[in-house]
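These exercises are for a reader who is new to the structure shown below. Each one sets a task and then works through a solution.

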Amino acid sequence: MNMSRGEPRWAVTFTVLLALILQALPLPTWLEAIRPSFICLVVIYWGIFAPHAGGIFAPWLGGLALDVFKGDVLGQNALAVALVAYIAMSLHQRLRNQTLIQQSLFVFAVLTLNEFVVWGIEGWTGHAVSSPWRWIQPMIGAMLWPFVALLVGRTHSRI
Amino acid sequence: VAVFGSGTRSLGGRGPSFGFRFFCYAVLSVVLMFYDRRGGWLDTARYGMQAAVYPLQLAVNSPSAAWRWLQESFATREALQKEVDTLRNQLRDQQLMTLRQAALESENATLRGLTTALPEVIEKRLIGEVINVEVSTLRQRLLVNRGGNSGVYKAQPVVTGDGVLGQVYRIGPFSSEIILITDSEHALPVQVLRSGVRSIALGTGRATALELPYVPQNYDVKVGDVLVTSGLDGVFPFGLPVGRITKVDRDPTQPLAQIYAAPLARVESDREVLFVWARPGHPAAPATPEALAVEAPKPAPANPKPKPAPRKPVEPAADPATTTPATDSPAAAAPATDDSATGAPAPAEPAQPTPEAPQPAPAEVPTT
């Protein structure tokens, strides 16, 4: 195992857990409707800045935990979050050199894709009732991105 | 699109590429979804996973739990005194009702020719505490701190002191998820206590409303009527209060009336729920699948499972126009079978279809 040295494994575990808690925190209905996918934000961060720390396994497991948590069909969020992680990891060299604002645009696109995947699977499994508010969530997520990136960035030392 | 691969190759030499790994996880996810939809062995896995996320769920809800605890600990003396007074009044009212009930039950038993009154249909109950409430238009669920380890089972009825709350949707070892009757995916067979009209109470996604579709215009349903479970779903025992009719819209151009009801249980604010176990074999116990299946050959005295009959007397149907759909009429013979077995004269005349006839029409049983 040559990859484990210097990789912020503990930081990944901790932040993914924290994101899960944020995702599951009971909120008033209006806030609930616009709560962005924190787990995707965290996963994008690690995908860009430490693509080998959690790999795709950690995002996938986080998504699966979210499925169990929310009572969705198993694999729904797991697939969506893994996809988000994969895209961030594939483009990480380019994204690393961009400013936070530029990255926000990318985050917006990926979060929309995530919403779209979840929405598609919900439709496929027969839960197609959905509020239009869900399409606001990626925008909120993109606006939060700089803060999330700065906060998560403090959990590990960047080279 | 071509860029997707380029980043991965430069980091090569560390196992398979991101693309390949993602592909594996994607396939795994789809397989999971497929089997989770089908049910079966994944339910067991899910049971274990529920236990794994339970600490997290507790952690997430600890702030609100702590706040409630604080509020309760620092409640003023007056507030507590007021609560005690309310509870004392409630107790007195209910004692009065119980007094009457004992008399009614023995009268009922005499009428049926039984020597002793039947025991209560609810055999056992278990109190659970609500950990998390999820109330939105998409979902109306509760997370409760009782699970498989306490004997809770899937599709178990859950009630509060006021009425039916919902049923167990998913279980873990220490927790269970309850789908409320107001969830838009829930349907509950009900009947109007006063007139015996049967329908299905569909959840609307709003915590205060149930919808009763498929009730023809001329059926006897009024605002203020109490709805009780009809027991035809094989889940709930007969006669648990569900809701009260709030709105009846009769548009003469439509074949069906538009009827809405409000649930009696306060689905959003109750902190304690009751899991109930019905007494098997009791007349008011939920209908079993076998009992529901024997409709095709006319249910004569040679009924293989005399899913018996006279339920607690609902108020007798006042006028014949108010009776239940014609599909029920063959079932009206069923009470007679039970009574002939005990040798007593049948008190109910078979000519008039009684609303509380137990043999259900299978068409009314929804798939919840």
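Two residues are in contact when heavy atoms of theirs lie within 4.5 Å. The model is a predicted one.

**Exercise 1.** List what Trp145(A) touches, not counting residues up to four places away in sequence.

Solution. Step one: apply the contact cut-off, heavy atoms within 4.5 Å. Step two: leave out residues up to four places away in sequence; Trp145(A) then touches Leu41(A), Ile44(A), Tyr45(A), Ile48(A), Leu100(A), Gln103(A), Ser104(A) and Val107(A).

**Exercise 2.** Describe the make-up of each chain, beginning with the number of helices and strands in chain A.

Solution. Step one: chain A has eight helices and zero strands, and its elements read α-α-α-α-α-α-α-α from the N terminus on. Step two: chain B has six helices and twelve strands. Step three turns to burial. In chain A, 57% of the 159 residues are buried; in chain B, 41% of the 368 residues count as buried. Step four takes the exposed surface. For chain A this is about 7,400 Å², with 70% of it supplied by carbon and sulfur atoms. For chain B it is about 19,300 Å², and carbon and sulfur atoms supply 61%. Step five looks at contacts between residues at least 6 apart in sequence. Of these, 70% in chain A join residues at least 24 apart, and in chain B the share is 65%.

**Exercise 3.** Find the largest nonpolar core and state which elements give two or more residues to it.

Solution. Step one: this core has 63 residues, and those with the most contacts inside it are Ile39(A), Ile44(A), Trp46(A), Phe106(A) and Trp145(A). Step two: from chain A, the elements giving two or more residues are helix 1 (9-24), helix 3 (38-49), helix 4 (57-70), helix 5 (76-90), helix 7 (100-124) and helix 8 (137-153). From chain B, they are helix 2 (18-38) and helix 3 (41-73). Step three: helix 5 of chain A gives the largest share, twelve residues. Step four: another core lies apart from this one; it has 23 residues, including Ile181(B), Leu212(B), Ala257(B) and Ala261(B). As a general point, nonpolar side chains tend to be buried together in soluble globular proteins.

**Exercise 4.** At what angle do the axes of helix 3 of chain A and helix 7 of chain A cross, and which residues make the contact?

Solution. Step one: the two axes come within 11 Å and cross at roughly 125°. Step two: helix 3 of chain A is therefore oblique to helix 7 of chain A. The cut-offs explain this, because an angle from 65 to 115 degrees would count as roughly perpendicular and one over 145 as roughly antiparallel. Step three: helix 3 of chain A passes helix 7 of chain A in a right-handed crossing. Step four: helix 3 of chain A makes the contact through Cys40(A), Leu41(A), Ile44(A) and Phe49(A). On the side of helix 7 of chain A, the residues are Gln103(A), Phe106(A), Val107(A), Val110(A), Leu111(A) and Asn114(A).

**Exercise 5.** Is Gln23(A) buried or exposed, and is Phe49(A) buried or exposed?

Solution. Step one: the cut-off for buried is under 20% relative accessible area. Step two: Gln23(A), in helix 1 of chain A, has 10% relative accessibility and so counts as buried. Leaving aside neighbours within four places in sequence, Gln23(A) is in contact with Arg35(A), Pro36(A), Ser37(A), Phe38(A), Ile39(A) and Leu66(A). Step three: Phe49(A), in helix 3 of chain A, has a relative accessible area of 15% and is therefore buried. Phe49(A) and Ala88(A) are 39 residues apart in sequence, with their C-alpha atoms 9.4 Å apart in space.

**Exercise 6.** Place Glu211(B) and Tyr214(B) in chain B, and then look at the phi of Tyr214(B) and of Ala155(B).

Solution. Step one: Glu211(B) is in strand 8 of chain B, and Tyr214(B) lies in strand 8 (residues 210-216) of chain B. Step two: Glu211(B) is partly exposed, with a relative accessible area of 27%, whereas Tyr214(B), at 58% relative accessibility, counts as exposed. Step three: Glu211(B) and Tyr260(B) are 49 residues apart in sequence and 4.6 Å apart in space, C-alpha to C-alpha. Step four: most residues other than glycine have a negative phi. Tyr214(B), although not a glycine, has a positive phi of about 60°. Ala155(B), also not a glycine, has a positive phi of about 65°. Ala155(B) is found in the loop between strand 2 (140-144) and strand 3 (157-159) of chain B and, at 28% relative accessibility, counts as partly exposed.

Technical notes. Residues numbered from 1 in each chain as written. Chains lettered and ligands numbered in written order. Predicted model: local features only at pLDDT ≥ 70, side-chain atom pairs only at ≥ 80, totals over all residues. Heavy atoms only, no water. Helix = DSSP H or I, 4+ residues; strand = E, 2+ residues; numbered from the N terminus. Buried < 20%, exposed > 50% of the residue type's maximum accessible area, 1.4 Å probe, protein only. Areas by Shrake-Rupley, 256 points an atom, 1.4 Å probe, with all protein chains shown as cover. Core = buried A, V, L, I, M, F, W, Y, C linked by side-chain atoms within 4.5 Å. Axes fitted to C-alpha atoms, helices over the stretch in contact; angles between N-to-C directions. Parallel < 35°, antiparallel > 145°, perpendicular 65-115°, else oblique. Left-handed = near helix turned anticlockwise from the far one by under 90°.
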